[in-house]
Amino acid sequence: MKQKLIVLLVAMAMLSTPLLAQTTPAGGLTKIGYTNVDYVISKLPESKLMQNQIEVTKAQLDKALGETYKEAQEKYEAYQKNGAQMTDVIRADKEKELQNLQTRITEMQTNAQQSLQAKQQQLLEPILTKVNNAIQEVGKESGFLYILNMDAGQGTTPIILFAASEENNATNLILRKLGVDPDKIEAAAPAAAKPGTAATPAATKPATTAPAATPKKK
(Lines give C-alpha, C1' and ligand atoms only; values in the text may rest on other atoms or scores of the structure.)
Protein backbone atom coordinates (compact mmCIF):
# COMPACT_ATOMS: atom_id res chain seq x y z
CA MET A 1 0.00 0.00 0.00
CA LYS A 2 2.70 2.45 1.03
CA GLN A 3 4.81 1.51 -1.98
CA LYS A 4 1.90 2.32 -4.33
CA LEU A 5 1.49 5.74 -2.73
CA ILE A 6 5.22 6.49 -3.10
CA VAL A 7 5.04 5.47 -6.76
CA LEU A 8 2.00 7.76 -7.16
CA LEU A 9 3.91 10.69 -5.69
CA VAL A 10 6.93 10.05 -7.93
CA ALA A 11 4.68 9.89 -10.99
CA MET A 12 3.01 13.17 -10.02
CA ALA A 13 6.40 14.82 -9.63
CA MET A 14 7.58 13.61 -13.04
CA LEU A 15 4.44 14.86 -14.76
CA SER A 16 4.73 18.31 -13.20
CA THR A 17 8.47 18.75 -13.95
CA PRO A 18 9.32 20.29 -17.34
CA LEU A 19 11.45 18.07 -19.55
CA LEU A 20 14.11 20.74 -20.00
CA ALA A 21 14.47 21.04 -16.24
CA GLN A 22 15.58 17.40 -16.06
CA THR A 23 18.86 18.10 -17.87
CA THR A 24 22.06 19.33 -16.25
CA PRO A 25 22.67 23.07 -16.82
CA ALA A 26 25.59 23.72 -19.16
CA GLY A 27 28.69 24.91 -17.33
CA GLY A 28 27.07 24.58 -13.92
CA LEU A 29 27.02 22.10 -11.04
CA THR A 30 24.00 19.91 -10.54
CA LYS A 31 22.14 20.82 -7.34
CA ILE A 32 20.31 17.78 -6.02
CA GLY A 33 18.16 17.98 -2.92
CA TYR A 34 16.68 15.25 -0.80
CA THR A 35 13.91 14.77 1.72
CA ASN A 36 11.79 12.09 3.38
CA VAL A 37 8.20 12.28 2.14
CA ASP A 38 6.89 10.05 4.95
CA TYR A 39 8.50 12.28 7.56
CA VAL A 40 7.00 15.40 5.97
CA ILE A 41 3.54 13.84 5.79
CA SER A 42 3.71 12.72 9.42
CA LYS A 43 4.28 16.32 10.57
CA LEU A 44 1.22 17.75 8.83
CA PRO A 45 -1.98 18.41 10.81
CA GLU A 46 -3.89 16.64 8.03
CA SER A 47 -1.95 13.47 8.78
CA LYS A 48 -3.15 13.40 12.39
CA LEU A 49 -6.74 14.03 11.28
CA MET A 50 -6.41 11.23 8.73
CA GLN A 51 -5.14 8.81 11.36
CA ASN A 52 -8.02 9.73 13.68
CA GLN A 53 -10.55 9.01 10.93
CA ILE A 54 -8.86 5.71 10.16
CA GLU A 55 -8.99 4.73 13.83
CA VAL A 56 -12.72 5.58 14.04
CA THR A 57 -13.46 3.53 10.93
CA LYS A 58 -11.36 0.64 12.24
CA ALA A 59 -13.20 0.67 15.58
CA GLN A 60 -16.55 0.50 13.79
CA LEU A 61 -15.44 -2.42 11.65
CA ASP A 62 -13.93 -4.23 14.64
CA LYS A 63 -17.19 -3.82 16.57
CA ALA A 64 -19.26 -5.35 13.77
CA LEU A 65 -16.77 -8.19 13.37
CA GLY A 66 -16.67 -8.81 17.11
CA GLU A 67 -20.46 -9.03 17.35
CA THR A 68 -20.59 -11.59 14.53
CA TYR A 69 -17.76 -13.60 16.10
CA LYS A 70 -19.55 -13.59 19.47
CA GLU A 71 -22.72 -14.87 17.81
CA ALA A 72 -20.76 -17.66 16.14
CA GLN A 73 -19.05 -18.63 19.40
CA GLU A 74 -22.32 -18.82 21.31
CA LYS A 75 -23.98 -20.97 18.65
CA TYR A 76 -20.93 -23.21 18.43
CA GLU A 77 -20.92 -23.75 22.21
CA ALA A 78 -24.65 -24.54 22.14
CA TYR A 79 -24.02 -27.03 19.33
CA GLN A 80 -21.25 -28.73 21.32
CA LYS A 81 -23.45 -28.94 24.42
CA ASN A 82 -26.65 -30.17 22.79
CA GLY A 83 -25.41 -31.82 19.60
CA ALA A 84 -25.68 -35.35 20.91
CA GLN A 85 -29.41 -34.91 21.66
CA MET A 86 -30.26 -33.36 18.28
CA THR A 87 -31.93 -35.23 15.48
CA ASP A 88 -29.90 -35.69 12.30
CA VAL A 89 -31.92 -33.02 10.50
CA ILE A 90 -31.51 -30.41 13.25
CA ARG A 91 -27.80 -31.26 13.68
CA ALA A 92 -27.21 -30.83 9.94
CA ASP A 93 -29.06 -27.52 10.01
CA LYS A 94 -26.97 -26.24 12.94
CA GLU A 95 -23.73 -27.32 11.25
CA LYS A 96 -24.73 -25.49 8.09
CA GLU A 97 -25.52 -22.39 10.13
CA LEU A 98 -22.06 -22.54 11.77
CA GLN A 99 -20.38 -22.93 8.39
CA ASN A 100 -22.26 -19.91 7.06
CA LEU A 101 -21.21 -17.84 10.06
CA GLN A 102 -17.59 -18.86 9.59
CA THR A 103 -17.77 -17.84 5.93
CA ARG A 104 -19.40 -14.56 6.91
CA ILE A 105 -16.63 -13.78 9.41
CA THR A 106 -13.94 -14.49 6.81
CA GLU A 107 -15.66 -12.21 4.30
CA MET A 108 -16.06 -9.47 6.91
CA GLN A 109 -12.34 -9.63 7.70
CA THR A 110 -11.41 -9.30 4.04
CA ASN A 111 -13.91 -6.51 3.39
CA ALA A 112 -12.76 -4.62 6.50
CA GLN A 113 -9.13 -4.69 5.37
CA GLN A 114 -10.04 -3.52 1.88
CA SER A 115 -12.30 -0.80 3.28
CA LEU A 116 -9.54 0.54 5.53
CA GLN A 117 -7.03 0.59 2.69
CA ALA A 118 -9.47 2.40 0.39
CA LYS A 119 -10.28 4.89 3.16
CA GLN A 120 -6.63 5.63 3.79
CA GLN A 121 -5.85 6.07 0.11
CA GLN A 122 -8.82 8.43 -0.26
CA LEU A 123 -7.64 10.56 2.67
CA LEU A 124 -3.96 10.42 1.75
CA GLU A 125 -4.18 11.39 -1.92
CA PRO A 126 -4.95 15.11 -1.29
CA ILE A 127 -2.13 15.20 1.27
CA LEU A 128 0.27 13.72 -1.29
CA THR A 129 -0.86 16.31 -3.83
CA LYS A 130 -0.23 19.11 -1.32
CA VAL A 131 3.22 17.77 -0.45
CA ASN A 132 4.11 17.29 -4.11
CA ASN A 133 3.11 20.88 -4.91
CA ALA A 134 5.31 22.11 -2.05
CA ILE A 135 8.23 20.03 -3.33
CA GLN A 136 7.80 21.49 -6.81
CA GLU A 137 7.79 25.05 -5.44
CA VAL A 138 10.82 24.48 -3.21
CA GLY A 139 12.68 22.85 -6.11
CA LYS A 140 12.11 25.84 -8.38
CA GLU A 141 12.77 28.50 -5.73
CA SER A 142 15.96 26.84 -4.44
CA GLY A 143 17.37 25.87 -7.83
CA PHE A 144 17.35 22.12 -7.30
CA LEU A 145 17.62 20.00 -10.42
CA TYR A 146 16.11 17.07 -8.50
CA ILE A 147 14.67 16.48 -5.06
CA LEU A 148 14.97 12.80 -4.21
CA ASN A 149 12.96 10.86 -1.65
CA MET A 150 15.25 9.14 0.85
CA ASP A 151 12.61 6.59 1.83
CA ALA A 152 11.90 4.23 -1.07
CA GLY A 153 9.16 2.41 0.83
CA GLN A 154 8.73 -0.12 3.60
CA GLY A 155 11.05 -3.09 3.25
CA THR A 156 13.22 -1.41 0.60
CA THR A 157 16.65 0.19 0.56
CA PRO A 158 16.60 4.01 0.80
CA ILE A 159 17.48 5.82 -2.43
CA ILE A 160 20.11 7.96 -0.69
CA LEU A 161 22.58 5.95 1.36
CA PHE A 162 25.03 8.75 2.16
CA ALA A 163 24.85 12.54 2.42
CA ALA A 164 28.02 14.48 3.24
CA SER A 165 26.12 17.40 4.75
CA GLU A 166 22.66 18.77 5.42
CA GLU A 167 23.13 21.54 2.88
CA ASN A 168 20.88 19.93 0.27
CA ASN A 169 18.34 18.53 2.74
CA ALA A 170 15.16 20.19 1.49
CA THR A 171 12.95 18.83 4.27
CA ASN A 172 12.79 22.01 6.36
CA LEU A 173 12.16 24.13 3.27
CA ILE A 174 9.28 21.86 2.31
CA LEU A 175 7.84 21.90 5.84
CA ARG A 176 7.93 25.70 5.93
CA LYS A 177 6.25 25.83 2.53
CA LEU A 178 3.50 23.68 4.06
CA GLY A 179 3.14 25.99 7.05
CA VAL A 180 4.94 23.75 9.56
CA ASP A 181 7.74 25.14 11.76
CA PRO A 182 10.64 22.65 11.69
CA ASP A 183 12.34 24.36 14.64
CA LYS A 184 9.42 23.41 16.89
CA ILE A 185 9.58 19.84 15.58
CA GLU A 186 13.31 19.64 16.32
CA ALA A 187 12.80 20.96 19.84
CA ALA A 188 10.08 18.43 20.62
CA ALA A 189 11.51 15.37 18.83
CA PRO A 190 13.92 12.79 20.31
CA ALA A 191 17.50 12.98 19.07
CA ALA A 192 17.04 9.91 16.84
CA ALA A 193 14.11 11.43 14.91
CA LYS A 194 15.93 13.75 12.52
CA PRO A 195 14.24 15.21 9.43
CA GLY A 196 15.37 13.69 6.15
CA THR A 197 16.25 10.32 7.66
CA ALA A 198 14.94 7.08 6.21
CA ALA A 199 12.90 6.16 9.27
CA THR A 200 9.27 5.31 8.52
CA PRO A 201 6.77 7.13 10.76
CA ALA A 202 3.89 5.12 12.17
CA ALA A 203 1.41 7.81 11.17
CA THR A 204 1.42 6.87 7.50
CA LYS A 205 1.34 3.12 7.79
CA PRO A 206 -1.83 1.46 6.60
CA ALA A 207 -4.20 0.60 9.40
CA THR A 208 -5.27 -3.00 9.62
CA THR A 209 -8.03 -4.94 11.29
CA ALA A 210 -6.72 -7.88 13.26
CA PRO A 211 -8.40 -11.07 12.05
CA ALA A 212 -10.65 -12.71 14.59
CA ALA A 213 -10.56 -16.43 15.19
CA THR A 214 -13.38 -18.35 13.53
CA PRO A 215 -15.27 -21.14 15.28
CA LYS A 216 -14.16 -24.62 14.34
CA LYS A 217 -16.18 -27.73 14.61
CA LYS A 218 -14.77 -30.71 16.44
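**Exercise 1.** Place Glu97 in one of three classes, buried, partly exposed or exposed, from its relative accessible area.

*Solution.* Start with the value: Glu97 has a relative accessible area of 25%. Next come the cut-offs: buried means under 20% relative accessible area, exposed over 50%, and partly exposed in between, with a 1.4 Å probe and protein chains only. Glu97 is therefore partly exposed.

Before going on, some ground rules. This is a predicted model, where local features need pLDDT of at least 70 and side-chain atom pairs count only at pLDDT 80 or more, while totals for chains, interfaces and linings use all residues. Residues are numbered from 1 along each chain as its sequence is written, and side-chain values use heavy atoms, with hydrogens and water left out.

**Exercise 2.** Find the salt-bridge partner of Glu97 and say which helices the pair links.

*Solution.* First, the criterion: a salt bridge needs a side-chain nitrogen of Lys or Arg within 4 Å of a carboxyl oxygen of Asp or Glu. Lys75 fits the bill, with an N to O distance of 2.6 Å to Glu97. Then locate the two: Lys75 sits in helix H3 and Glu97 in helix H4, 22 residues apart, so the pair links distant parts of the chain. Helices here are DSSP runs (H or I) of at least four residues, strands (E) are runs of at least two, and numbering goes from the N terminus.

**Exercise 3.** Which residues share a network with Lys75?

*Solution.* Begin inside H3. Glu71 also bridges to Lys75, with the closest N and O atoms 3.1 Å apart. These two are four residues apart in helix H3, about one turn. Glu71 is partly exposed at 27%, and Lys75 is partly exposed at 31%.

For contrast, take a bridge elsewhere: Glu141 and Lys177 meet at 2.8 Å, N to O. Glu141 belongs to H4 and Lys177 to H5 (residues 171–177), so this pair ties together parts 36 residues apart in sequence. Glu141 counts as exposed at 58%, and Lys177 as partly exposed at 32%.

Back to the question: bridges with shared partners join Glu71, Lys75, Glu97 and Arg104 into one network. The structure holds nine salt bridges.

**Exercise 4.** How do H3 and H4 run relative to each other, parallel or antiparallel?

*Solution.* Take the geometry first. H3 (residues 45–82) and H4 (residues 88–142) pack at about 180°, with axes 10 Å apart. Axes are lines fitted to C-alpha atoms, for helices over the stretch in contact, and angles run from 0 to 180 degrees between N-to-C directions. An angle under 35 degrees counts as roughly parallel, over 145 as roughly antiparallel, 65 to 115 as roughly perpendicular, and the rest as oblique. H3 is therefore roughly antiparallel to H4.

**Exercise 5.** Describe the surroundings of Phe144.

*Solution.* Phe144 is in the loop between H4 and strand E2 (146–149). At 11% relative accessibility, Phe144 counts as buried. Now list what Phe144 touches (heavy atoms within 4.5 Å), leaving out residues up to four places away in sequence: Lys31, Ile32, Gly33, Val138, Gly139, Asn168, Ala170 and Leu173. Tyr34 is 110 residues away from Phe144 in sequence, yet their C-alpha atoms are 9.5 Å apart.

Finish by zooming out: 33% of the chain's 218 residues count as buried. The chain has six helices and two strands, in the order α-β-α-α-α-β-α-α.
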